[in-house]
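Could you take me on a walk through this structure, one selection at a time? I have the viewer open and would like to know what to click on and what I will find there.

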Amino acid sequence: MTRAKADHRVELLRQMLRIRRFEEKCAELYSAAKIRGFLHLYVGEEAVAAGAFQALTPDDNVVSTYREHGHALARGIPATAIMAEMYGRADGCSRGRGGSMHLFDTDRRFYGGNAIVGGGLPVAVGLALADKLRGEHRVTACFFGDGAVAEGEFHECLNLAALWSLPVLFACENNHYAMGTALEGAQKETDLAVRASTYEMPAWPVDGMDVVAVEEAARHAAESVREGGGPHFLELRTYRFRAHSMYDPDRYRDKAEIEEWRHHDPIDALIAAAHVPAKQIAAIEKDIAAELDEAIAFAEAAPLEPVEELTRFVYQEAAS
Amino acid sequence: MSGTTKTTYREAMRAALRDALTRDERVFLMGEDVGRYGGCYAVSLGLLEEFGPERIRDTPLSESAFVGAGIGAAVAGLRPIVEIMTVNFSLLALDQIMNNAATLPHMSGGQLRVPLVIRMTTGAGRQLAAQHSHSLEGWYAHIPGLRVLAPATLEDARGMLAPALECPDPVLIFEHGALYGVAGELPDEPEPVDIAHAAIRRAGSDVTLVAYGGTLGKALSAADELAVSGVEAEVVDLRVLRPLDDAAVVGSVRRTHRAVIVDEGWRSGSLSAEITTRLVEQAFYDLDAPVARVCSAEVPVPYARHLEEAALPQVPDVVAAVRTVLGGEDG
């Protein structure tokens, strides 16, 4: 392995570890009642965000779901702003209006965590339509889960994007469960890439527990979209190790199944494959711990939005 | 020197669209059959030939996808006009209108703006039965984040689109289906109209008739009929269903001391209920009689002509309601 390649793998590891530790910290803070509302953790799925975002430039658009902390971190939204949002503070990336499920950062072209399953797809199609009409060569990466494939909006949007040859990268995070309903209980055809390919767009499955494979597939798809190849669909097969949300007692999954998937932990897999030395991992962990400490301190100290500001951002505000 | 030209509500809408498309490159129109077919009510007839398929964009029957695409394109800085054939079909896109268009600006802490215009037909009177005839604009007027307009005159059909496109908020324009053929004169140099205020279409001192969209004409006819017997009704055209222009309605009622609301929506949980409540809240002691409402019967709009007519507010109903609220003095 070349030095550059080895360094890149360490970078991928760092990104996955950041997300993993961030999510573990969120769970802790939830138990401490610092974070409230619904909280959906990404633990187990880190390879998808860490790999896929390598393929995007800062000028590309991102539309995400309610399980989006990993996407937000990988996109470069500061952990401080994300944590402050979960604390419901004025310095949060949505000024305390969104919470865990609705992180936004237009400077980074991050158009939100959307908590309506499938609800982000039409918006992504519209962002891509605007780019096509203006002749801009930007990719809109649209993340959604396997649950969205059962929604009408999924089919309407894949059709529309294909019909108009729009620059959308549909990134389906298939974690095999729509909340508590297994894919087999929701779809007759469980090969989601096959479903998407009927809309006449390139579509293929990817091992979503292999960050290198995800990056490779995402680069290939994003480049093709960028070069005018129309929409592409990636089915990123992954698994969440934790429950759907902090409310979920996780009664619908076999413990043995979860255990089996844990053997494919994307972080362990990369460490083994890339032979990352323990000392290097320890250094990364130390950096991450410092980043998280800073994020929590920032969120704790951040001001609350004054209640007088409650009704702001509903309508245009008169220029002052 | 500028004169006037004979036109129709439909042509006035089309002229407004043509203007917007000509003036601003960011504007485009999309929806079902807006292009080759010319629009299901022929509003966009000829625009495809004039502006091309990129800007007059036929869509598949995918209300949620193309309304949501309008939202995304608006967020990206374009000025889309999305046409939905009829308000009943807009329910297929309600998720996008409610959960995205109305919500994203607030939920993002003010980072996102959705300068989108959605036009759709509303209302009954053409024997189209229960899936093409309802007046659901009151539902949309319930939603913070939306602006809801109801042009009832040629001037508003011609004039409301431009300020709606300039507005950074999502704006819904409800065009009553019975109005498209209404003919009249419009100035060749149209006067700008606002999208913030109600308008008094007829001055009067005895009673206030509050109407909008398809009921404005009926309210004006009722006022004419009442005038014959010496009752002078003031007719307030709401024009803007959200945010409501309380001041105009309350101001009129303070002068007339009586109010009859004429709304083609159903009575229960309706726009007419909202206006009544605001009058009770803000003008209770100015009222000389209880507020009266003339609304559609609480039934899905039926097909047969006589049943449909019986289901909708009609001029004699308005006249009768006015006689009732005046009853104390005239009875």
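Select B:Val262 and B:Val294 together: B:Val294, in β14 of chain B, is the bridge partner of B:Val262. Keep in mind as you look that this is a predicted model. Now widen the selection to strand β13 (residues 259-266) of chain B and to β14(B); the two run parallel and are joined by 4 bridges. As a reminder, strands of a sheet pair through backbone hydrogen bonds, either parallel or antiparallel.

**The sheet in chain B**

Next, show the whole sheet around this pair. It is an open sheet of 5 strands in chain B, in the order β9-β11-β10-β13-β14, and its pairing is mixed. Which strands are at the edges? They are β9 (199-202) and β14 (292-296) of chain B, each of which pairs on one side only. On average, neighbouring strands of this sheet are turned by 25 degrees against each other, direction ignored.

Add helix α10 (residues 216-228) of chain B, and you will see a helix that packs on the sheet. It touches β9, β10 (207-211), β11 (233-237) and β13 of chain B, and its direction makes about 170 degrees with that of β11(B).

**A cis bond and a helix pair**

Move on to B:Pro243, in the loop between β12 (240-242) and α11 (246-256) of chain B. Most residues other than glycine have a negative phi, and most peptide bonds are trans. Here, the peptide bond from B:Arg242 to B:Pro243 is cis, with omega near -10 degrees.

From that loop, go on to α11(B) and select helix α12 (residues 271-283) of chain B as well. Two packed helices are described by the angle between their axes and the distance between the axes. For α11(B) and α12(B), the angle is about 65 degrees and the axes are 10 Å apart. The crossing of α11(B) past α12(B) is right-handed. To see the contact, show B:Asp246, B:Val249, B:Val250, B:Val253 and B:Arg254 in α11(B), which meet B:Ile275, B:Arg278, B:Leu279, B:Gln282 and B:Ala283 in α12(B). By class, the residues of this contact are 6 nonpolar, 1 polar and 3 charged.

**Where the chains meet**

Colour the two chains differently and look at the contact between them: 35 residues come from chain B and 32 residues from chain A. On the side of chain B that touches chain A, α3, α5 and α6 of chain B each supply at least two residues. The largest share of that side, 10 residues, comes from α3(B). Sorted by class, the side of chain B that touches chain A has 17 nonpolar, 15 polar and 3 charged residues.

Now pick α5(A) and α3(B). They pack at an angle of about 55 degrees, with their axes 6 Å apart, and are therefore oblique to each other. Among the residues that meet here are A:Pro122, A:Gly126 and A:Ala130 in α5(A), and B:Gly68, B:Gly72 and B:Val75 in α3(B). The residues of this contact divide into 12 nonpolar, 5 polar and no charged.

Stay here and select helix α5 (residues 94-101) of chain B. Which of its residues are buried? They are B:Asp95, B:Gln96, B:Ile97, B:Asn100 and B:Ala101. Their cover includes α5 (120-134) of chain A, together with α3 (63-75) and α6 (104-107) of chain B.

**Stops in chain A**

Select strand β2 (residues 110-114) of chain A, where 5 of the 5 residues are buried. Strand β1 (residues 61-65) of chain A pairs with β2(A) in the parallel sense over 3 bridges, and A:Ser64 stands opposite A:Gly113 in β2(A).

Then find A:His176 in the loop between β4 (168-174) and β5 (177-178) of chain A. Its phi is near 75 degrees, a positive value in a residue other than glycine. Is A:His176 buried or partly exposed? It counts as partly exposed, because it has 18 C-beta neighbours inside 10 Å.

A:Tyr177 lies in strand β5 of chain A and counts as buried, with 22 C-beta neighbours inside 10 Å. Try the distance tool from A:Tyr177 to A:Lys132: they are 45 residues apart in sequence and 34 Å apart in space, C-alpha to C-alpha.

Finish at A:Phe313, in the segment after α11 (278-301) of chain A. A:Phe313 has a positive phi of about 70 degrees although it is not a glycine, and it counts as buried with 22 C-beta neighbours inside 10 Å.

Conventions
Residues numbered from 1 in each chain as written. Chains lettered and ligands numbered in written order. Predicted model: local features only at pLDDT ≥ 70, side-chain atom pairs only at ≥ 80, totals over all residues. Buried ≥ 20, exposed ≤ 12 C-beta atoms within 10 Å, placed from the backbone. Contact = placed C-beta atoms within 7 Å. Pairing = 2+ DSSP bridges. Axes fitted to C-alpha atoms, helices over the stretch in contact; angles between N-to-C directions. Nonpolar A, V, L, I, M, F, W, Y, C, P; charged D, E, K, R; others polar. Parallel < 35°, antiparallel > 145°, perpendicular 65-115°, else oblique. Left-handed = near helix turned anticlockwise from the far one by under 90°.
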